[in-house]
Amino acid sequence: MVKELAERLGKVEFIFVESKQVETTPNMERCVHSSASVIEPKGKESLMLGKKVKLCDMEEHPVANAIIMSLDKSKMVMGKSLGEEYYEVAILFPYKPNAPLFVKYNERKTVQDDVGSHIVWFRDFVSL
């Protein structure tokens, strides 16, 4: 249990350091991604683990900068199985702090509520 907590703390520290290096996006350009998902072809999904990405809203505008934390389709995050629909991401920096989450969990409803947290985000709304 101590080892698991130490690993989690290490990830949070990494996210914190990374968030200090992220700049805001001055113009809210549209996210560009494939129609299926940000990852293609399927065999190269593992290369995305730990990569910085943009999380986009339904209008395809970036709402936050994040890191992909897991691609494991059987993993449960926020009460959801990642499956084919979601990635587990950690939000580094919100571009639109009041943007709603796709999946609300407990009292966390906006992007700002989940900075530094691991959440699920629809694969179709993740952009490199």
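By contact I mean heavy atoms within 4.5 Å. With that settled, I opened this predicted model and began with V111.

**Entry 1: V111 and the core**

I asked for the partners of V111, leaving aside neighbours within four places in sequence, and got V63, A64, I91, P94, K96, P97, A99, L101 and W121. Two names in this neighbourhood come back below, K96 and W121.

Next I looked up the nonpolar cores. The largest one has 26 residues. Which residues have the most contacts inside it? They are L55, I68, V89, V111 and W121. I then checked which elements give two or more residues to this core: strand 1 (52-56), strand 2 (62-70), strand 5 (86-94), strand 6 (100-105) and strand 8 (118-122).

**Entry 2: Confidence**

Before going on to side chains, I went through the pLDDT values. The protein chain averages 78, and 72% of the residues score at least 70. Which element has the lowest mean pLDDT, and which the highest? Helix 1 (residues 2-21) is lowest with a mean of 63, and strand 2 is highest with 94.

I noted two stretches to handle with care. Over residues 19-27, pLDDT stays under 50, and the model has nine contacts beyond four places in sequence for them. Residues 34-41 also have pLDDT under 50, with 15 such contacts in the model. Where pLDDT is low, the predicted coordinates should not be read in detail, and I left those contacts alone.

**Entry 3: Salt bridges**

How many salt bridges does the structure hold? I found three, and I took them one by one.

My first was D57 with K96, whose closest N and O atoms are 3.5 Å apart. D57 sits in the loop between strand 1 and strand 2 and K96 in the loop between strand 5 and strand 6, so this pair ties together parts that are 39 residues apart in sequence. D57 is buried, with a relative accessible area of 14%, while K96 is partly exposed at 29%. I had already met K96 among the contacts of V111.

Then I turned to K75 and E88, whose side chains meet at 2.7 Å, N to O. Why does this pair tie together parts that are 13 residues apart in sequence? Because K75 lies in the loop between strand 2 and strand 3, whereas E88 lies in strand 5. K75 counts as partly exposed at 32% relative accessibility; E88, at 3%, counts as buried.

The last of my three was D114 with R108, where the closest N and O atoms are 2.9 Å apart. Is D114 buried or exposed? D114 is buried, with a relative accessible area of 0%. R108 is partly exposed, at 24%.

**Entry 4: Aromatic rings**

I counted five aromatic pairs in the structure and wrote down two of them in full. Y86 and F122 are stacked, 4.8 Å centre to centre with 25° between the planes. Y86 belongs to strand 5 and F122 to strand 8, so the pair ties together parts that are 36 residues apart in sequence. Y86 is buried, with a relative accessible area of 6%, and F122 is partly exposed at 25%.

The other pair I wrote down is F102 with F125: the ring centres are 5.2 Å apart and the planes are at 45°, so the pair is tilted. F102 lies in strand 6 and F125 in the loop between strand 8 and strand 9 (126-127), so here the parts tied together are 23 residues apart in sequence. F102 counts as partly exposed at 23% relative accessibility, while F125 is buried at 15%.

Which residues form one aromatic cluster? They are Y86, F102, W121, F122 and F125. I was pleased to see W121 again, since I knew this residue from the core.

**Entry 5: Two positive phi values**

To finish, I checked the backbone. Most residues other than glycine have a negative phi, and I noted two with a positive one.

Phi of E60 is near 65°. E60 is placed in the loop between strand 1 and strand 2, and I put its relative accessible area at 30%, which means partly exposed. D57 of the first salt bridge lies in the loop between strand 1 and strand 2 as well.

Phi of M78 is near 55°. I found M78 in the loop between strand 3 (76-77) and strand 4 (80-81). Is M78 buried or exposed? M78 is buried, with a relative accessible area of 10%.

Key:
Residues numbered from 1 in each chain as written. Predicted model: local features only at pLDDT ≥ 70, side-chain atom pairs only at ≥ 80, totals over all residues. Heavy atoms only, no water. Core = buried A, V, L, I, M, F, W, Y, C linked by side-chain atoms within 4.5 Å. Buried < 20%, exposed > 50% of the residue type's maximum accessible area, 1.4 Å probe, protein only. Helix = DSSP H or I, 4+ residues; strand = E, 2+ residues; numbered from the N terminus. Salt bridge = Lys/Arg side-chain N within 4 Å of Asp/Glu carboxyl O. pLDDT = per-residue confidence, 0-100. Phe/Tyr/Trp six-rings, centres within 6.5 Å; stacked < 30°, edge-to-face > 60°.
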